[in-house]
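Trainee: Could you walk me through this one? I'd like to work out a few things residue by residue.

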Amino acid sequence: MQTQSLQQTQILATNKVIRNTYSLLALTLLFSAATAGIGILTNMAPLNPIITLVGYFGLLFATSRFSNSGLGLLFVFLLTGFMGLTLGPIINLYLSIPNGDQTVMMALGGTGAIFLGLSGYALTSRKNFSFMGGFIMAGVLVAFLAGLAAMFFSIPALALGVSAMFVLLMSAMILWQTSEMIHGGETNYILATVNLYVSIYNLFLSLLHLLGALGGSDD
Amino acid sequence: METWEKVVIAILVGGLLFLFIPATSRTLKNSPKGSASDWLSAAKPIGLVVVFVLILIYIARN
């Protein structure tokens with residue numbers, strides 16, 4: 001009887017984390033779409049890479065640090081708003097290319113389809129993907145360094161390889177994060193939201209890059 | 001990008017690596033090891049993502 005009640009409590013807690021995560025994710029995506037829209041409409045110039053790096057990692061650190069308090073919510077919106085704002089000039093660049101609007105819409109639709117498909121798979125199969133945590137973390141670190149090398153030394157082929165790598169890693173991260181929520185590995189909905197948001201953001205950017213370059217509109 | 005910007009970015013990245021590498025190696029050591037069937041169950045949906053992206057690229061090219 002007591003075991004059954006404990007199980008029910010765990011199920012309720014898991015459902016609450018999932019519900020809160022997807023609600024916050026929807027709000028942050030809308031908010032970052034609005035800030036990206038501002039960046040597009042105002043023809044904002046790309047931010048300095050130093051400001052971008054400090055902004056990303058500073059706000060990511062602050063969100064993680066305050067993830068157990070109300071301030072965490074404020075930092076989630078600051079982070080996602082900032083990330084959305086940095087998307088504005090990138091999308092503007094693609095929109096200025098012939099058929100660029102189609103590329104952007106295809107990347108957006110593709111990102112949505114991949115996210116829904118992978119989340120649906122993890123939620124319905126209820127498989128435990130916790131074993132992928134270390135692999136994803138190491139992969140993201142390698143991809144991040146390779147991405148910086150591509151930027152520093154201007155190697156377009158390496159940049160494309162990094163984008164392809166990010167598509168795979170972010171897909172794995174969606175599976176892993178969703179599974180962590182289901183199996184109780186992640187009980188903080190703010191951290192779960194940030195992980196899923198970053199996955200969606202990187203997936204969109206990588207798809208945009210791949211479709212723009214390989215779809216024949218990048219040069 | 002100016003040289004000073006590259007230097008500042010290199011310092012920032014060095015700092016990030018200093019923070020992330022120990023955490024990554026800790027996670028690699030402590031995370032559960034998956035069996036072959038576990039990896040296969042993850043590879044299937046990711047494989048479908050690869051096929052989907054290839055289809056998107058094909059559509060974008062035509």
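Trainee: Let's start with Val49(B): is this residue buried or exposed?
Mentor: Keep in mind that this is a predicted model. Val49(B) sits in helix α2 of chain B, and its relative accessible area is 5%. Anything under 20% counts as buried, so the word for Val49(B) is buried.

Trainee: Which residues does Val49(B) touch, leaving out those up to four places away in sequence?
Mentor: Don't look to Thr3(B), whose C-alpha atom is 39 Å away from that of Val49(B), with the two positions 46 residues apart along the chain. Look across to chain A instead. The residues touched by Val49(B) are Ile114(A), Leu118(A), Val167(A) and Ser171(A).

Trainee: Ser41(B) is in that helix too, I think. Which residues is Ser41(B) in contact with, apart from neighbours within four places?
Mentor: Yep, Ser41(B) has its place in helix α2 of chain B. Its relative accessible area is 9%, so Ser41(B) is buried. The contacts of Ser41(B) are with Tyr121(A), Lys127(A) and Phe129(A).

Trainee: And Ile55(B), is it buried, partly exposed or exposed?
Mentor: Ile55(B) belongs to helix α2, residues 36–61 of chain B. Its relative accessible area comes to 45%. The partly exposed class runs between the 20% and 50% cut-offs, so Ile55(B) is partly exposed.

Trainee: Ile55(B) is part of a nonpolar surface patch, so what accessible area do the patch members have together?
Mentor: Find the members on the model first: Val51(B), Ile55(B), Tyr58(B) and Ile59(B). Together, these four have an accessible area of about 400 Å².

Trainee: Over to chain A. Which residues does Leu203(A) touch beyond four places in sequence?
Mentor: Leu203(A) is in helix α7, residues 189–214 of chain A. With a relative accessible area of 0%, Leu203(A) is buried. Its partners are Thr111(A), Ile114(A), Val167(A), Met170(A), Ser171(A) and Ile174(A).

Trainee: How far apart are the C-alpha atoms of Leu203(A) and Ser171(A)?
Mentor: Ser171(A) is one of the residues that Leu203(A) touches. Along the chain, the two are 32 residues apart. In space, their C-alpha atoms are separated by 7.8 Å.

Trainee: What about Ala192(A): which residues does it touch beyond four places in sequence?
Mentor: Ala192(A) is another residue found in helix α7 of chain A. It has a relative accessible area of 0%, so Ala192(A) is buried. Phe82(A) is 110 residues away along the chain, and the C-alpha atoms of the pair are 18 Å apart. The residues touched by Ala192(A) are Thr21(A), Gln177(A), Met181(A) and Glu186(A).

Trainee: Next up is Ser163(A). Which residues is Ser163(A) in contact with, apart from neighbours within four places?
Mentor: Ser163(A) lies in helix α6, residues 156–182 of chain A. At 7% relative accessible area, Ser163(A) is buried. Its contacts are Ser206(A), His209(A) and Leu210(A).

Trainee: How do I name the way α3(A) and α4(A) are arranged?
Mentor: Two packed helices are described by the angle between their axes and the distance between the axes. Here α3 (residues 70–95) and α4 (residues 100–125) of chain A pack at about 130°, with axes 7 Å apart. An angle over 145 would be roughly antiparallel and 65 to 115 roughly perpendicular, so α3(A) and α4(A) are oblique.

Trainee: Which residues make that contact?
Mentor: Take each helix in turn. From α3(A) come Ile91(A), Tyr94(A) and Leu95(A). From α4(A) come Gly100(A), Asp101(A) and Val104(A).

Trainee: Leu108(A) is in α4 as well, right? How far is Leu108(A) from Tyr201(A) in space?
Mentor: Right, Leu108(A) is found in helix α4 of chain A. Its relative accessible area is 47%, so Leu108(A) is partly exposed. In sequence, Leu108(A) and Tyr201(A) are 93 residues apart, but C-alpha to C-alpha the distance is 10.0 Å.

Trainee: Last one: what is phi of Asn43(A) near?
Mentor: Asn43(A) lies in the loop between α1 and α2 of chain A. At 61% relative accessibility, Asn43(A) counts as exposed. Its phi is positive although the residue is not glycine, with a value near 50°.

Notes: Residues are numbered from 1 along each chain as its sequence is written. Chains are lettered from A and ligands numbered from 1 in the order in which they are written. This is a predicted model: local features need pLDDT of at least 70, side-chain atom pairs count only at pLDDT 80 or more; totals for chains, interfaces and linings use all residues. Side-chain values use heavy atoms; hydrogens and water are left out. Patches are made of residues with over 30% relative accessible area and no salt bridge: like charges are joined within 9 Å, nonpolar side chains (Val, Leu, Ile, Met, Phe, Trp, Tyr) within 5 Å. Accessible areas come from the Shrake-Rupley method with a 1.4 Å probe; for residues, only the protein chains shown count as cover. A salt bridge is a side-chain nitrogen of Lys or Arg within 4 Å of a carboxyl oxygen of Asp or Glu. Helices (H or I, at least four residues) and strands (E, at least two) are DSSP runs, numbered from the N terminus. Buried means under 20% relative accessible area, exposed over 50%, partly exposed in between (1.4 Å probe, protein chains only). Axes are lines fitted to C-alpha atoms, for helices over the stretch in contact, and angles run from 0 to 180 degrees between N-to-C directions. Angles under 35 degrees count as roughly parallel, over 145 as roughly antiparallel, 65 to 115 as roughly perpendicular and the rest as oblique. Contact means heavy atoms within 4.5 Å.
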